Amino acid sequence: MKKTAVLLLLLSSLIWSTFAAGPPAPYGPVPSERQLRWHELEFYGFIHFTINTFTNKEWGYGDEPPRLFNPTDFDAQSIATLAREAGMKGLILTCKHHDGFCLWPSAYTEHSIAASPWKEGQGDMVREFADACRNAGILFGVYLSPWDRNHAEYGRPAYVQYYRNQLRELLTGYGDIFEVWFDGANGGDGWYGGARETRSITEAYYGWDDTFALVRELQPQAVIFSHLGDIRWVGNESGHAGDPCWATFTPQDKEDGKLLGKGMRDGTRWQPAEVDVSIRPGWFYHKRENSRIRTPGNLMNLYFQSVGRGASLLLNLPPDRRGRIHERDEQSLLTFGNRLKKLYAHNLADGATAAASNVRGGDERFGAAAVLDPSKDSYWCGDDDCLTPELILELPEVRTFDVVSIREYPPLGQRVDSWALDARQDGEWMEFASGTSIGSRRLWRGKAVTTDGVRLRITGAAACPAITELSLYRLAGL
Ligand code: FUL
């Protein structure tokens, strides 16, 4: 090759690398790797099972004799398989609730399953659940109540050590744990080794920093659900996130339900919300609630009000005294799960072509087509100074949809402040939906609309939007 040709080649690659668009800078707090993985889960289950199931209580006092714990037909596998069938990505088990009874044979207490008649004291329910989840191909997580109404030392330093010892047992003996759930319900009256008194503690008592460090050391990939953890409480137990529900938050000294539900646009941390709610009125199984199980339609509402707002849905399924999920709960859950499966089976944006008002540096890598491909790593993005771009999907034919799913690209932070979606009707754009936050996921359910074109308008953003998905579905009639 001639010298000039080489020079020209070098020059053009230099110009290309100078002017080719790079990805935009992240805006505000961004998720950690473990939070990013957690965002993908969206829907998983809670299992509340302990001695309360046999005493018909929600909060045991701590003096219940372990001999009461005796499920007659316990089957972790059927529960884990049901969870998977319903679309759950994992299960979190109450290994120890406030009453202090342990579902595994802890070396640090006699108040455990080892003193129960179940499997003549030889059983380990944490192990059975952990194994069953793995067999079913779903994740396993643990709940270990910080408040322990059984323990004599609760409220004193010795208990904190006991708590960490137990956590170590759970985090080292049962394989990978995807989430560790630290309950905020704390202190009050209890048995406390026979003292039968009221003990109140301060926030500083538990020394959370050291406990969190233990989780990071033993299960670095696990997310921590806690006031100061990776995932925040949504502020209610009735099954809904706020609207908007920003993933960003600044933990407050005093928990405020509304604030937790909505998050904080200018929050200092990426701390997305988890919506914990039970399929029945109580967290534990009570026969008297057998006629008060959430219907499939109600579960769908919960789904749209949680996952649809960028939070996760943690749905509680309480095993009954057999150690099984009651048939009615199972029916309702499976009907809901099947509907969800059918909903996502057909993305009505498939086969569409996408065009945007602005593409970053005119570079195809950031082009509109990214909202249609299933990859979570590609996104449509405009130039830094373009905060209100638009994107049009031309559908291959006239189609009817009533659900829209939009996702921002979370590694770049929450950038969009408001958006609207239009459907073309007789050549005119008609607004179908409008909202504020998008974040990791925004689902919108509206009145069915029949159209061959859809337009997404970003109407406000703090930084050029990065959108990884725009999908259309039909729920009605499923
Ligand atoms: C609360 C507890 O007091 C309930 O019993 C239940 O475990 C729920 C998930 O968290 O704080």
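How far is an oxygen atom of the ligand from an N or O atom in the side chain of Tyr143? The answer is 3.5 Å. Hello everyone, let's stay with that ligand for a moment.

First, some housekeeping. This is a predicted model, where local features need pLDDT of at least 70, side-chain atom pairs count only at pLDDT 80 or more, and totals for chains, interfaces and linings use all residues. Residues are numbered from 1 along each chain as its sequence is written, and side-chain values use heavy atoms, with hydrogens and water left out.

Back to the contacts (pairs of N or O atoms within 3.5 Å). His97 has a side-chain N or O atom 2.9 Å from a ligand oxygen, and for His98 a polar side-chain atom also lies 2.9 Å from an oxygen of the ligand. On its own the ligand has 300 Å² of accessible area, and the protein covers 92% of that (Shrake-Rupley method, 1.4 Å probe).

Who else is around the ligand? With a heavy atom within 4 Å as the rule, the shell includes Phe46, Trp59, Asp183, Glu237 and Asp276. By class, the shell holds six nonpolar, three polar and three charged residues; Tyr, Trp and Cys count as nonpolar here, and Gly as polar.

Now, the empty spaces. A cavity is a set of points on a 1 Å grid over the protein atoms alone where a 1.4 Å probe fits but cannot get out, and its lining residues have an atom within 4 Å of a point. There are three cavities of 30 Å³ or more, and the largest has a volume of about 50 Å³, taken as the space filled by probe spheres set on the points.

Among the residues lining that largest cavity are His39, Trp246, Arg309 and Ser437. Its lining divides into five nonpolar, six polar and one charged. Thanks for listening!

How values were computed:
1 Å grid on protein atoms, 1.4 Å probe; cavity = no way out; pocket = protein on both sides within 12 Å on 5 of 7 lines; lining within 4 Å. Polar contact = N/O pair within 3.5 Å; in protein donor to acceptor, adjacent residues only side chain to side chain.
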